[in-house]
Amino acid sequence: MGAYQIDTEKERQEILKRYRLLVTLLRNKTTPEQKRQIRKAFNIAVAGHKDMRRKSGEPYIYHPLEVARIAAADIGLGATSVICALLHDLVEDTDYTLLDIRELFGETVEKIIDGLTKIEGVMDMQTPSMQAENFKKILLTLSDDIRVILIKLADRLHNMRTLDSMINEKQLKIASETAFLYAPLAHRLGLYAIKSELEDLSMKYIEPEIYQSISSLITKTKEERDRFINDFVTPIKKILKDDNVDFEIISRIKSVHSIWHKMKTKGVPLEQVFDLFAIRIIIDSPIEREKADCWKVYTIVTSLYRPNPDRLRDWISIPKANGYESLHTTVMSGSGKWVEIQIRSRRMNEIAEKGYAAHWKYKNLTQKEQNFEAGLDEWLTKIRDILKTNDGSALDFLSDIKLNLFSEEIFVFTPAGDMKTLPKGSTILDFAYNIHTDLGNKCIGAKVNYNLVPLSYVLRSGEQIEIITSKVQKPKKEWLDYVVTSKAREKIKDAVKVDRKIQVEEGKMRFVKILSDNNVSYSDEYVINIARRMGYKSQNDFLYNLNQDEVSISELKKYIENKDGRNSFIDYITLRPLIKWRSTNKSLDEVITKQLKSNPESLVLDEDIDQIKYNISSCCNPIHGDQVVGFITDKNNIEIHRTNCEQAIKMMSQFGNRIVKAKWRNHEGVSILTGLKINGIDRKGLVKEVTDVISGQLNLNMRSVNFESSEGVFDGVIMVYVQNLENLNELISELKKIKGIDKVDRINSYKV
Ligand code: MN
C-alpha cells in the first residue's frame, strides 16, 4: 500500500468529483435516459468494487472512472461506451455475471463487456501459441464491435500510467504487450496521441536507461528550443493575423520513443534528432474551405522559409488509410535548421488526435469520411480473413498479424481508379489476390502505369495497376516468395496442393520408366539435355511438368529417338551442307566418289544420301549462315561444327585428314542478318511458338536465339536472316500475334 493514506470520507468526495467531471464531459452528447443509465452504472460499479483497492492503494473505482473519462475525453466515445467503461472490470472481479449485465443494461452493453472480459488476462499465457490463441480472441471481438478495442485502449492507457506501483516483472510484461499489440492498434485506429503515450510509457519500462537519458535531455534543452520556435513562428503569426486567419500554433517535441526510433533506424545521433522541430498550424476553417485554406497557409509559410520539395506530403487530397488528413512540408529556418510544418484544419486535427471515433462526429460530411469508413471496414474484413484462413502455426499467425495489420501502407489504384491499400512491400500478386482469388490465380503479370512488369514487381504508392491474366496460368510455389499479404499467401498455398519436390520425384520415376521402355538408361545429363531441347527452363521444371501430364508422351518419344542432341530450333532449319571430300575413309569414299562424278565441283549432302549421316554438333549448334566445317567421326558420320568452335579447332589440329569443307545450301538471293528484340510474358512453349513462326511458318533461318526469363517476364534477342524489309515486317507482325508477346523491335546495331 506504500505511502497511500486511507481517508474514507475524502475518498468518497473524490469519487463523486470524478464522476461529475465525467458527466460534464458528456453533457451535450447524452439524453436524459442515457444519463440515468450512466448514473446506474456508476452506482453499481462503486458498490461492486467497494472494498477493492488498486496496487497503489487507491480505491479501485478510480480506475473504471478514469477509463471512462479517457474514453469520453481523449477518444470521444459516447454514453454506451462510458457505461461499458464503468462496468468493464465488474464481471471479472465481482459476483456480477454477464446475464446480470444484460438484464440491467441490455444486449449491446453485455456484448461489449463480454469482449472486454475475454481480453482481460489474454497475455498471461506462458507460451507464445497460447498468447496467439488469445490474441485471436481479441481480434475477433475487435471485428465484432470496434468499441471493445477502443475501451480496451483507454483501460490500457490508464494501467500504463499507473504502472509504477506494479512489481518489476509485471511491469515488463505489461509494457511488452503494450508495445507489441496496443500501441500498433492505437496507431492503426488513428489515435496518435494515445499511441505516442503508450509507446513512451512502454519504453520507460522496457528500456529505462535510454528513456531516462533522452527525456532528461529534452527537459534540459527546453528553454533553448522554446526560443528557437518563438523566433521561427513570429513572422508566420504576423502574416496569418494580418490575413485574418483564425489559427493556433502548437510546437511539440517528438516523443521519446520516436526520437529513439529515429536514432535506431536512421543511425542519427541524438543531437541531430533534436534538431528536427515540428510545428503544427491548426486553422479554424469551415469544411468547404478548409482545403483551400490549408494551401493558403502553406503558401504563406513557404514564402517566408524555403521548402524542401521532396518533403511535401499531401494527406489532404489522399488521406492515410487510417483517416489521417494533414499537409506536411519541411522548411529551412533562418538559422539553418529544418523544421517540419503540419498544416491542418480543426476538424482534421481532431481526427488525427482522436482517430476513429472523431469520424462519427463528422459523419456524412464528406466523401473522405466514407472512404475512411470503407477503409476501416476493409481492415476489419482483413482481420476476419486472417482469422479464417490461418491454420498455420501460432507464431506464423502472429507475424501475419503484425505484417498485415500494423505495417506501413501504400495506396494504389485499379484501372477504374478505385483506391486499394496494401502493406508496404506488396507486389503485383498481392494486389491481384486482394481484388479476387481468381485474378491472383490467373495472374501472369501486370501493366503498371502502362509498363509491363513481372509478378514480383513491388508496388509503390500512387501506381495504377492493370492485372494481366491467362486462362492457363496456375499458381506456383515460387509465388510464395513474391507475396507479403497473408491473403495471397494462403490462396497460393491452397492452389499449389502438392509439394513441388514430390512432383519432381514422381516425374523422375515416370521418366525412368519411359526411358527403359525405349531402351535408354537414365542419367541426369540425359534429362537436362531432353529438358533443354524441349524448351524447359530446368530439369526439375521438365520432370514436374511430366508428372502433371503437361508433356506429350508422343512428342517426348520423338526427342528420345532423336539422339543427336540437336537443338530444337535446328529442327526447322533446312540443313544441306555442300562438302568437298578429303577423307580417307573407305565406305564413305565410295559414295562420295560416285557423287563427285555427277558433280565434279562439290558434293551435295542431303537426305537422298542415306548412307552418310550428318549431325549438327551440340557443342556449338551451328545454324544457317555460320561458317561450318564437317568432321568425319569413327562411326562414319559427319559432324557439323562452326569453324570457330573450340572442339572443332582441337579436332582439326589433331585429325586434319578427317576434315571436310562444308557450307550451307539454299542461297537464293542475299539474306541479311537482322536482330529483333522481343519481350512479353513468359509461358511454357513460347520459345517453340516463336521458332515455329520464324522457321516453320515463314521459313526463315535463324542465327541465334537468346531468351532470358525473369519471374515470368522474358526478354529475347533473335538474330535472323531475312531477304528484304517486306520479309522483316511480315516477321514482326507475325511475332506480335503470338500470345504473351508485348513488343517486337528491330535492333539496329548488334554484335555478330
Ligand atoms: Mn481495467
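This report walks through a predicted model of a protein, from its overall make-up to a few local details.

## The protein as a whole

Let's start with the broad view. The protein contains 31 helices and 20 strands. Of its 752 residues, 47% are buried. The accessible surface adds up to about 38000 Å², and carbon and sulfur atoms account for 50% of that surface.

How do parts of the chain that are apart in sequence come together? Take the contacts between residues at least 6 apart in sequence: 66% of these join residues at least 24 apart.

## The manganese site

A good place to look next is the manganese ion. Four protein donors are found here: His-63 and His-88, each through NE2, and Asp-89 and Asp-155, each through OD. These donors lie 2.2 to 2.6 Å from the ion. Along the chain, the donors follow the spacing H-x24-H-D-x65-D, which you can trace in the sequence.

Two of these donors, His-88 and Asp-89, can also be described by how covered they are. His-88 has a relative accessible area of 2%, so it is buried, since that value is under 20%. Asp-89 is buried too, with a relative accessible area of 4%.

## Two helices that cross

Now turn to helix α11, covering residues 192-206, and helix α12, covering residues 208-220. Their axes come within 5 Å and cross at roughly 120°. The two helices are therefore oblique to each other, because an angle of roughly 120° is neither in the range of 65 to 115 degrees that counts as roughly perpendicular nor over 145, where roughly antiparallel begins.

Which residues of α11 and α12 meet? On the α11 side they are Asp-200, Met-203, Lys-204, Tyr-205 and Ile-206. On the α12 side they are Pro-208, Ile-210, Tyr-211 and Ile-214. The residues of this contact divide into 7 nonpolar and 2 charged, with no polar ones.

## A covered helix and the loop after it

Helix α26 spans residues 539-547. This helix is mostly covered, with 7 of its 9 residues buried. The buried residues are Asp-541, Phe-542, Leu-543, Tyr-544, Asn-545, Leu-546 and Asn-547. Their cover includes α24 (500-517), α25 (524-533) and α27.

Just after α26 comes Asp-549, with a positive phi of about 60°. Asp-549 sits in the loop between α26 and α27, the latter covering residues 553-561. Is Asp-549 buried or exposed? With a relative accessible area of 57%, Asp-549 is exposed, because its value is over 50%.

## Another positive phi

Most residues other than glycine have a negative phi. Against that background, Asn-244 is worth a look: it is not a glycine, yet its phi is positive, at about 60°.

Where is Asn-244 placed? You will find Asn-244 in the loop between α13 (222-242) and β1 (247-251). Asn-244 is exposed, and its relative accessible area is 69%.

## Two glycines in loops

Gly-417 belongs to the loop between β6 (409-413) and β7 (419-423). Its relative accessibility is 38%, so Gly-417 counts as partly exposed. From C-alpha to C-alpha, Gly-417 and Gln-464 are 7.6 Å apart in space, while 47 residues separate them in sequence.

On the other side of β7, Gly-425 lies in the loop that leads to α21 (428-435). Gly-425 is also partly exposed, at 29% relative accessibility. Its C-alpha atom is 9.3 Å from that of Tyr-457, with the two residues 32 apart in sequence. Leaving aside neighbours within four places in sequence, Gly-425 is in contact with Asp-430, Val-458 and Val-484.

## A lysine in helix α30

The last stop is Lys-688, a residue of helix α30, which covers residues 686-697. How covered is Lys-688? At 33% relative accessibility, Lys-688 counts as partly exposed, because that value falls between the 20% and 50% cut-offs.

Lys-688 can also be placed relative to Arg-533. The two are 155 residues apart along the chain, and their C-alpha atoms are separated by 10.0 Å.

Terms used. Residues numbered from 1 in each chain as written. Predicted model: local features only at pLDDT ≥ 70, side-chain atom pairs only at ≥ 80, totals over all residues. Heavy atoms only, no water. Donors = N, O, S within 2.8 Å, 3.2 Å for Na, K, Ca; no water. Buried < 20%, exposed > 50% of the residue type's maximum accessible area, 1.4 Å probe, protein only. Axes fitted to C-alpha atoms, helices over the stretch in contact; angles between N-to-C directions. Helix = DSSP H or I, 4+ residues; strand = E, 2+ residues; numbered from the N terminus. Parallel < 35°, antiparallel > 145°, perpendicular 65-115°, else oblique. Contact = heavy atoms within 4.5 Å. Nonpolar A, V, L, I, M, F, W, Y, C, P; charged D, E, K, R; others polar. Areas by Shrake-Rupley, 256 points an atom, 1.4 Å probe, with all protein chains shown as cover.
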